[in-house]
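Got a few minutes to go through a structure together? Here it is, so have a look before the questions start.

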Amino acid sequence: MTTPTTLYQKLVASHTVAVLDEQNVLLFCDLHLMNEYTSPQAFAGLHEAGRGVPVPGQNVAVVSHIIPTHPVRWRTIQDPPSALQASNLKANCERHQIPLFDTNDPLQGIEHVIAPEHGMVRPGMVIICGDSHTTTYGALGALGFGIGTSEVEHVLATQTLVYRLAKDMRIRVDGTLPTGTTAKDLILWIISRIGAQGARGFVVEFCGSAIEALSVEARFTLCNMAVEAGARGALIAPDATAIAYVLDKAPDITGEVRAQALDHWATLHSDAGAAFDVEHVFDASEVAPFVTWGTSPDQAMAVNATVPRPEDIADAVQRSSAEQALRYTALSAGQPLAGVPVQHVFIGSCTNARIEDLREVDRIVGSRHVASGVRAMVVPGSGAVKAQAEAEGIAARLVAAGFEWRQPGCSMCLAMNDDVLAPGQRCASTTNRNFEGRQGRGAITHLMSPAMAAAAAITGCITDVRTLEVTA
Ligand SMILES: CC(C)[C@H](C(=O)O)[C@@H](O)C(=O)O
Ligand code: SF4
């Protein structure tokens with residue numbers, strides 16, 4: 001009898017070109033995504049060594065981080081170093097015949113939003129990118145993870161990577177997510193339970209009835225943020241929901257190839273009895289709308305709770321980091337989070353800027369208006385999402401409600417373009433990181449779901465979405 005193996009072990013085994021030692025293998029990468037930010041030095045190294053890109057078709061590049069999002073027809077990058085990054089990427093892609101979603105491509109957007117919507121992500125693949133949120137693709141049963149610039153060079157030259165094996169963690173979530181909660185609340189809740197380093201060194205497989213009930217887009221949100229618990233990858237075994245999504249996005253999978261693909265995908269699950277190094281079991285019914293109060297994604301709480309008191313935290317390191325976080329976020333221990341005024345609302349990022357997210361914002365906003373004094377911005381995840389939202393009337397309704405409707409890109413998720421918050425501004429944000437200064441020096445980020453961000457936009461303060469009547 002063969003030893004039962006985990007889905008993660010199966011994916012690694014099927015992509016191992018050579019075992020290097022007990023800890024490392026040479027891993028074949030089916031798809032390598034690149035952005036303008038982490039690829040320039042890799043190309044420079046490649047050229048210096050006189051090497052080429054042997055399989056350019058298994059590489060795809062996207063301009064996503066530095067791109068302006070103003071609603072103009074033709075986008076030009078004003079900042080000279082950023083403009084250089086974009087033109088470098090274009091030149092490098094042309095030189096090596098690597099497909100590129102360039103600045104003014106109508107389908108441009110955030111790399112992790114674009115890749116699945118064009119059928120590039122399929123169960124069983126290994127997908128890498130010089131970006132930590134590559135874990136997103138686990139939603140479709142693909143092993144995705146971020147790599148560094150020197151590794152980008154190695155992948156370009158060989159389509160392989162020296163890969164250090166991770167440990168296996170399983171997170172089972174059974175039960176039903178309560179009304180008013182989403183995959184974003186679930187992952188913020190999980191991270192707050194296991195900690196920002198809780199999955200460090202592990203690839204996490206999510207399973208259980210609450211996970212099975214999630215749409216593919218919700219699964220993207222979940223796997224996207226697994227990295228905020230330190231995970232080196234996230235996986236959900238592909239089921240009928242995932243397979244229907246992939247077949248819809250990849251019409252080239254037909255006939256004999258389709259039959260073979262379906263047979264292969266049916267094997268992509270952890271075997272009964274497979275051993276995990278660590279297992280967590282959670283009950284989805286305990287989840288509430290979650291909001292971060294600090295400067296790390298695990299510093300999160302139910303919106304109707306009160307800000308923790310550092311003196312109640314037993315661990316000295318966590319206590320001092322909570323004290324520092326509260327100083328930065330200008331909140332007091334023990335105060336309610338609901339009712340804290342926000343000056344800005346940002347709906348965007350590879351975590352929550354897909355069509356379902358925008359539909360949810362539209363549903364919550366209904367016929368209401370953005371509160372006076374609040375600047376609320378919607379940055380769709382890609383050109384395709386933007387076009388879809390415009391076709392559905394979502395864009396027009398949100399603009400009428402007082403939202404800014406922008407062009408796709410990373411934007412204020414990390415403020416590498418000109419969408420930057422002023423010091424002291426407080427932002428309700430659908431993004432994934434609330435680090436100090438991430439949305440602008442001295443700016444304060446509260447991570448939350450699109451529904452919660454919509455509620456904050458309407459009321460002008462952090463608000464429990466469950467207390468709002470949906471008027472639409
Ligand atoms: C710029 C890039 C390297 C970075 C990442 O790796 O995640 C960014 O996308 C982020 O979200 O902080
Ligand atoms: S949207 Fe944010 S998290 Fe996602 S790739 Fe861009 S900067 Fe990183």
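What follows is a short chat between a student and a tutor about this predicted model.

Student: Is Gln 9 buried, partly exposed or exposed?
Tutor: Gln 9 sits in helix H1, residues 7-15. Being buried takes 20 or more other C-beta atoms within 10 Å, and being exposed takes 12 or fewer. Gln 9 has 18 C-beta neighbours inside 10 Å, so the label is partly exposed.

Student: How many residues of helix H12 are buried?
Tutor: H12 runs over residues 355-365 and is mostly covered. Among the buried ones are Ile 355, Leu 358, Val 361 and Ile 364, and Asp 357 and Glu 360 are buried too. The cover includes strands S15 and S16 plus helices H13, H14 and H15. Out of eleven residues in H12, the buried count is eight.

Student: Which residue follows H12, and what is its phi?
Tutor: Look just past the end of the helix, where the phi is positive. The value is near 55 degrees, and the residue is Gly 366.

Student: How many polar residues are in the shell around ligand 1?
Tutor: The surrounding residues include Tyr 37, His 65, Asp 131 and Leu 414. By class, the shell has two nonpolar residues and one charged. The polar count is five.

Student: Which domains does ligand 2 lie between?
Tutor: 13 residues surround ligand 2, with Ser 349, Cys 350, Cys 410, Cys 413 and Leu 414 the closest. The shell has five nonpolar, seven polar and one charged residues. Two domains both give residues to that shell, so ligand 2 lies between domain 1 and domain 3.

Methods:
Residues numbered from 1 in each chain as written. Chains lettered and ligands numbered in written order. Predicted model: local features only at pLDDT ≥ 70, side-chain atom pairs only at ≥ 80, totals over all residues. Helix = DSSP H or I, 4+ residues; strand = E, 2+ residues; numbered from the N terminus. Contact = placed C-beta atoms within 7 Å. Near = placed C-beta within 6 Å. Nonpolar A, V, L, I, M, F, W, Y, C, P; charged D, E, K, R; others polar. Domains from an automatic or database assignment.
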